[in-house]
Amino acid sequence: MAAKVKIAASKSAQRERRHTRLRKRISGSTERPRLVVTRSARHVFVQVVDDSKGHTVASASTLEAELRTFDGDKTAKARKVGELVAERAKKAGVEAVVFDRGGNRFAGRVAAIAEGAREGGLDL
């Protein structure tokens, strides 16, 4: 009897599977919206989403003009994005959020976003 050979899925397919598994448990409400992290090779995008209404409360990314000129590596920029989205969320009346890492590991830029958001005054 021949052994079954497992075929490794692509990294993006693995991340998508992890994100789907996470989203079964994590949902944003009006009181505690979801802080969504989307990461590409060069940039990070962060949104605060109220899933009950389907609205984006606040957002920030490294594509913004003020962060394009910011000196530092990608992790430092991610921390700055976390601080910026926290400031905008607080302005919109959000104090606490549920962190949705988007299927990415909680390390590097994703952890820097969370750290920056905490420093900005958000409760994760």
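K11 sits in helix α1, which covers residues 11-23; helices (H or I, at least four residues) and strands (E, at least two) are DSSP runs numbered from the N terminus. K11 is exposed because its relative accessibility is 75%, where buried means under 20% relative accessible area, exposed over 50%, and partly exposed in between (1.4 Å probe, protein chains only).

The model is predicted, so local features need pLDDT of at least 70 and side-chain atom pairs count only at pLDDT 80 or more, while totals for chains, interfaces and linings use all residues. Residues are numbered from 1 along each chain as its sequence is written, and side-chain values use heavy atoms, with hydrogens and water left out.

**Overall layout**

The protein chain contains four helices and four strands, in the sequence order α-β-β-β-α-α-β-α. Its C-alpha trace spans about 65 × 35 × 20 Å along the principal axes. Of the 124 residues, 36% are buried. Contact is defined as heavy atoms within 4.5 Å; among contacts between residues at least 6 apart in sequence, 59% join residues at least 24 apart. The chain exposes about 7800 Å², with carbon and sulfur atoms supplying 50% of this area; accessible areas come from the Shrake-Rupley method with a 1.4 Å probe, and for residues only the protein chains shown count as cover.

**Helix α4 and V44**

Helix α4 (residues 109-119) is mostly covered, with eight of its eleven residues buried. These are R109, V110, A111, A112, I113, A114, G116 and A117. Their cover includes strands β1 (34-39), β2 (44-50) and β4 (98-100), together with helix α3 (74-91). Just after α4, G121 adopts a positive phi of about 105°.

V44 belongs to strand β2 and is buried because its relative accessible area is 2%. Leaving aside neighbours within four places in sequence, V44 touches R109 and I113, and also T38, R39, A60, S61, T62, A78 and V81. The C-alpha atoms of V44 and A117 are 14 Å apart, and the two residues are separated by 73 residues along the chain.

**Charges and salt bridges**

The chain carries 27 positive and 15 negative side chains, and the centres of the two sets lie 11 Å apart. Here Lys and Arg count as positive and Asp and Glu as negative, without His or the chain ends; each charge is placed at NZ of Lys, CZ of Arg, CG of Asp or CD of Glu. K11 joins R39, R42, R68, K74 and R105 in a positively charged surface patch. Patch members have over 30% relative accessible area and no salt bridge, with like charges joined within 9 Å.

The whole structure has nine salt bridges, each a side-chain nitrogen of Lys or Arg within 4 Å of a carboxyl oxygen of Asp or Glu. The table lists some of them.

| Pair | N to O distance |
|---|---|
| E16 and R15 | 3.2 Å |
| R23 and D51 | 3.9 Å |
| E64 and R88 | 2.9 Å |

E64 is in the loop between β3 and α2 (65-68) and R88 is in helix α3, so this pair ties together parts 24 residues apart in sequence. R88 is partly exposed, at 28% relative accessibility. Salt bridges with shared partners join R23, R34, D51 and D100 into one network. Within that network, R23 is partly exposed at a relative accessible area of 30%, as is D51 at 25%. In the pair listed in the top row, E16 is partly exposed at 40% relative accessibility, and R15 is partly exposed at 27%.

Conventions:
Patch = residues over 30% accessible without salt bridge, like charges linked within 9 Å, V, L, I, M, F, W, Y side chains within 5 Å.
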